[in-house]
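User: Could you take a close look at one helix for me, covering what it packs against and which charged pairs hold on to it?

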Amino acid sequence: MAAIARIAGNPEDLETLDAYCATGSLRRAADLLHLHHSSVARRLEQIAKTLGIELTEPTGLIRAGLALTAWRLLDE
């Protein structure tokens, strides 16, 4: 969750992670964000480095989604 707080300073990163966690797909997240899939891939690469999670792995995607949800719950 601390890593989520670090990316929360950049709304685009938070929005990208949220879209990717919601869809589970790079291309669907790109469609949702109205971006090219390569732009989303670059963002996710940076986000993954910050989080220390491999977002392309199913367990990484689940961990990121849980951390994002927990961060939001604690932020409220």
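Analyst: Happy to! Contact here means heavy atoms within 4.5 Å. The model is predicted, and the helix to follow is H2, residues 11-23.

Let's begin with its packing. Glu15, Thr16, Ala19, Tyr20 and Thr23 in H2 touch Leu26, Arg28, Ala29, Leu32 and Leu33 in H3. Sorted by character, the residues of this contact are six nonpolar, two polar and two charged. As for geometry, the axes of H2 and helix H3 (residues 26-33) lie 8 Å apart, at an angle of about 130°. That angle makes H2 oblique to H3, and the crossing is right-handed.

Now for the charged pairs. Searching the whole structure turns up two salt bridges. One joins Glu12 to Arg43, with 3.7 Å between the closest N and O atoms. Since Glu12 sits in H2 and Arg43 in helix H4 (residues 37-51), this pair ties together parts 31 residues apart in sequence. Its two ends are set differently: Glu12 is partly exposed, at 44% relative accessible area, while Arg43 counts as buried at 19%, because the cut-off for buried is under 20%.

The other salt bridge brings together the side chains of Asp18 and Arg72, at 3.2 Å from N to O. Asp18 belongs to H2 and Arg72 to helix H5 (residues 58-75), so here the parts tied together are 54 residues apart in sequence. Arg72 is partly exposed, with a relative accessibility of 33%, and Asp18 is partly exposed too, at 31%.

To pull this together, H2 packs obliquely on H3, and salt bridges link H2 to H4 through Glu12 and to H5 through Asp18.

Methods:
Residues numbered from 1 in each chain as written. Predicted model: local features only at pLDDT ≥ 70, side-chain atom pairs only at ≥ 80, totals over all residues. Heavy atoms only, no water. Salt bridge = Lys/Arg side-chain N within 4 Å of Asp/Glu carboxyl O. Helix = DSSP H or I, 4+ residues; strand = E, 2+ residues; numbered from the N terminus. Buried < 20%, exposed > 50% of the residue type's maximum accessible area, 1.4 Å probe, protein only. Axes fitted to C-alpha atoms, helices over the stretch in contact; angles between N-to-C directions. Parallel < 35°, antiparallel > 145°, perpendicular 65-115°, else oblique. Left-handed = near helix turned anticlockwise from the far one by under 90°. Nonpolar A, V, L, I, M, F, W, Y, C, P; charged D, E, K, R; others polar.
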